[in-house]
Amino acid sequence: MFWAKDLSAGGTSSGLIQIITGQNCSWTATSSASWISINFGGGAGNGAVSYAVTANSGNSARSGGILIAGQYVVIVQTGLTFGAPEVPVILPGSVVNTANYVSGGPPNGSLAQGSYFSIYGSSLGPDQGAKAENYPLPTSLGGSSVQITTGGGTYAAYLVFSSGGQLNAILPSNVPLGSALVTYNGTVSSPAAINVTKTNVGIFYQSLNGQNFATSQNYNSASDVPLNLPTAPAKPGQIVIFWATGMGATSASDANAPGTAAVDMTNVPVSITVGGATATRLYAGRQSQTSGVDNIYFTVPSGSTLGCYVPVVITAGGLPANTTVIAVSADGSPCR
């Protein structure tokens with residue numbers, strides 16, 4: 001999750017950022033820019049970060065950030081010259097998997113070929129966000145474009161959403177494996193490093209009662225696939241559909257929904273446990289109607305624990321996805 005704060009150019013300013021988290025969750029705060037200092041920030045459980053920002057003596061706006069437990073607060077400070085062009089900034093570590101917000105860059109992060117990714121920063125696009133409404137997806141949207149440079153080649157990402165603080169895009173499947181640089185609008189912004197890999201799955205989720213609840217559906221029939229929630233659990237023996245990104249490259253154009261080209265990526269080994277019990281993989285590959293998005297189908301095992309927040313652990317291509325939870329009850333009735 002990312003937040004943004006806009007500050008004026010003149011004078012030193014300060015502020016507080018409230019932190020609300022679990023009682024035993026430890027966190028620290030660090031600054032990404034020399035002009036942003038942390039007065040105090042760190043601990044366990046709820047708290048606050050106190051920060052100070054020095055005056056901007058330049059004509060142009062500048063951007064930086066405060067990293068708090070892996071999440072960014074973006075600080076944008078105007079310049080002295082009213083109306084001066086703003087330099088787009090990609091924040092450090094902020095090229096991420098769209099599903100789970102995990103960094104796609106060094107030292108340990110990566111983005112899979114053909115996956116959905118996001119860039120966070122400032123002045124990346126229009127103040128009023130622009131959204132790609134139809135296929136094929138464009139390589140320019142709202143005046144924004146994203147280039148990936150690697151191995152002597154440059155590849156244009158397919159844009160889904162563009163705004164001042166966030167870009168959502170699809171990494172082309174033909175980008176070679178290895179280290180790469182991402183830039184906004186050519187060389188206007190400083191480049192951000194990413195690692196491109198074959199597979200690195202992220203599971204889409206929502207925060208519910210302090211739990212990372214998977215974006216998933218219970219399959220009852222082709223016309224009855226409700227969201228899995230504590231009020232609508234799955235039951236042992238039932239098929240569940242997970243929404244994810246990062247299974248890997250496809251031979252079809254990433255600019256379009258794959259349609260009939262969406263096939264089970266049987267070349268990618270996938271293991272799934274639900275409540276500690278091994279689940280049977282039924283399908284793991286592209287979602288036919290959406291570019292860059294994958295579905296993982298599995299059967300809830302009979303040995304799964306029951307409850308409102310049952311952990312699901314998925315490993316694909318040897319890399320673990322983010323752990324999420326689903327609701328499971330003995331007969332599919334609301335869990336308690």
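## A pair at the surface

Asp264 has a relative accessible area of 25%, and so counts as partly exposed, since this class lies between under 20% for buried and over 50% for exposed. The model described here is a predicted one. The partner of Asp264 in a salt bridge is Arg281, and their closest N and O atoms are 2.6 Å apart. The pair links distant parts of the chain, with the two positions 17 residues apart in numbering. Asp264 sits in the loop between strand 23 (239-245) and strand 24 (270-274), whereas Arg281 belongs to strand 26 (residues 280-286). Arg281 is also partly exposed, at 23% relative accessibility.

Side chains of opposite charge can pair when their charged atoms come close. In the whole structure, the search finds 2 salt bridges.

## A buried pair

The other salt bridge joins Arg286 and Asp294, with 2.8 Å between the closest N and O atoms. Are these two residues buried or exposed? Arg286 has a relative accessibility of 5% and is buried. Asp294 is buried as well, with a relative accessible area of 0%. Both values fall in the buried class because they are under the limit of 20%.

## The cavity

Rolling a probe the size of a water molecule over the atoms shows where empty space is left. How many cavities of 30 Å³ or more does the structure hold? There is 1, and the largest cavity has a volume of about 40 Å³.

Arg286, the buried residue that pairs with Asp294, is also part of the lining of this cavity. The other lining residues are Thr250, Ala252, Ser253, Asp254, Asn256, Pro258, Ser291 and Gly292. By type, the lining residues divide into 2 nonpolar, 5 polar and 2 charged. Ala252 and Pro258 are the nonpolar ones, because Ala and Pro are counted in that group. Asp254 and Arg286 are the charged ones, because Asp and Arg are counted there.

## The chain as a whole

The chain has 30 strands and 0 helices. Of its 336 residues, 48% are buried. The chain exposes about 15000 Å², and carbon and sulfur atoms supply 52% of this area.

Contacts can also be sorted by how far apart the two residues are in the sequence. Among contacts with a separation of 6 or more, residues 24 or more positions apart account for 61%.

## Backbone exceptions

Most residues other than glycine have a negative phi, and most peptide bonds are trans. Where does the backbone of this chain depart from that? One place is the peptide bond that joins Pro106 and Pro107, which is cis with omega about 10°. Pro107 lies in the loop between strand 9 (89-97) and strand 10 (111-112). Another cis peptide bond runs from Tyr135 to Pro136, with omega near 0°. Pro136 is in the loop between strand 12 (130-131) and strand 13 (146-150).

Two residues are listed here for their phi angle. Tyr101, which is not a glycine, has a positive phi of about 65°. Tyr101 is placed in the loop between strand 9 and strand 10, the loop that also holds Pro107. With a relative accessible area of 30%, Tyr101 is partly exposed. Ser123 has a positive phi too, near 55°, and is found in the loop between strand 11 (116-122) and strand 12.

Definitions and conventions: Residues numbered from 1 in each chain as written. Predicted model: local features only at pLDDT ≥ 70, side-chain atom pairs only at ≥ 80, totals over all residues. Heavy atoms only, no water. 1 Å grid on protein atoms, 1.4 Å probe; cavity = no way out; pocket = protein on both sides within 12 Å on 5 of 7 lines; lining within 4 Å. Points joined across faces, edges and corners; volume = space filled by probe spheres on them. Salt bridge = Lys/Arg side-chain N within 4 Å of Asp/Glu carboxyl O. Helix = DSSP H or I, 4+ residues; strand = E, 2+ residues; numbered from the N terminus. Buried < 20%, exposed > 50% of the residue type's maximum accessible area, 1.4 Å probe, protein only. Contact = heavy atoms within 4.5 Å. Areas by Shrake-Rupley, 256 points an atom, 1.4 Å probe, with all protein chains shown as cover.
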